[in-house]
Amino acid sequence: MTSDTTRTEPVAVDTENLGRLVRGARFVLWDFDGPICRLFAGHTAERVAAGLVAWLGGRGLGDLLTEAERESPDPHAVLRAVDRRHPDGDLVAELEERLTREELRATASALPTAYADPLIRTWTAVGVRPAVATNNSPRVARTYLAGRGLLPCFGPHVYGRTRELRLLKPDPHTLVRALGAMGAAPSASLFIGDSPADCEAARLARVPFLGYARDGRKAESLRDAGADTVVDSLEPLLALLRAGGASGG
């Protein structure tokens with residue numbers, strides 16, 4: 001989940017590490033909201049979270065959330081909070097489905113991340129196989145990718161939120177599913193994500209990690225989480241590929 005923030009200062013890139021990550025990747029796993037697009041660019045995450053809180057309140061269930069959770073701008077935080085108190089119940093299933101519908105609505109105004117589309121196509125063209133590993137609904141990721149003409153690049157390899165919310169990142173479940181389905185060795189793979197949870201999931205799955213940060217604050221949070229290489233643009237990756245710096249096949 002990515003909030004809409006304004007880019008502040010450029011992120012210094014370790015080009016040597018970046019080149020090593022790109023050259024070593026035969027499989028690339030992508031987080032969805034952030035590295036591929038800004039899902040909530042128009043239909044904001046804050047509005048979605050507030051809608052979920054209001055829905056709970058309308059059912060007399062507002063006390064399930066703490067004050068901080070009721071004010072959270074992250075709908076996943078609301079969903080996780082309810083799941084912690086009513087795991088595996090009909091309430092959680094209904095709340096998750098409401099979130100999925102809001103995410104689907106958001107795809108209509110989602111903004112592509114700069115260079116993501118050509119990077120995905122170029123990596124695929126040189127034989128590198130992509131997958132999505134996201135905390136968003138896989139239905140949402142497929143809808144967006146289909147609208148951009150990118151779904152054929154991914155084929156069936158779109159893995160996202162299930163009703164088992166304990167398996168959301170930082171649990172490595174979606175990454176492990178993707179690796180297993182593609183027959184991919186973790187060491188021959190790369191995960192591109194934009195949150196500390198993404199970084200932790202990559203560590204647990206033993207997959208090299210590349211942090212994508214739209215601004216300095218997010219870059220700092222990724223580095224604090226242990227990310228060695230962070231970029232604020234995907235353009236350097238595309239330039240490396242066009243210069244022949246990929247290991248497809």
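This passage describes the surroundings of helix α7 and the aromatic pairs of a predicted model. Residues are numbered from 1 along each chain as its sequence is written. In this predicted model local features need pLDDT of at least 70 and side-chain atom pairs count only at pLDDT 80 or more, while totals for chains, interfaces and linings use all residues, and side-chain values use heavy atoms, with hydrogens and water left out.

Asn136 lies in the loop between β4 (129–133) and α7 (138–147), where helices (H or I, at least four residues) and strands (E, at least two) are DSSP runs numbered from the N terminus. With a relative accessibility of 1%, Asn136 counts as buried (under 20% relative accessible area, 1.4 Å probe, protein chains only). At the N-terminal end of α7, Ser137 acts as a cap, with a side-chain oxygen 3.1 Å from the backbone nitrogen of Arg139. The buried residues of the helix are Pro138, Val140, Ala141, Tyr144 and Leu145; seen down the axis of α7, these fall within an arc of 155°, so they line one face of the helix, the arc being that of the directions from the helix axis to the C-beta atoms.

Three aromatic pairs are counted (rings of Phe, Tyr and Trp, the last by its six-membered ring, with centres within 6.5 Å; planes under 30 degrees apart are stacked, over 60 edge-to-face and the rest tilted). One of them, Phe32 with Tyr144, is edge-to-face, at 5.6 Å centre to centre and 70° between the planes. Because Phe32 lies in the loop between β1 (27–30) and β2 (37–38) and Tyr144 in helix α7, the pair ties together parts that are 112 residues apart in sequence.

Technical notes: Buried < 20%, exposed > 50% of the residue type's maximum accessible area, 1.4 Å probe, protein only. Polar contact = N/O pair within 3.5 Å; in protein donor to acceptor, adjacent residues only side chain to side chain.
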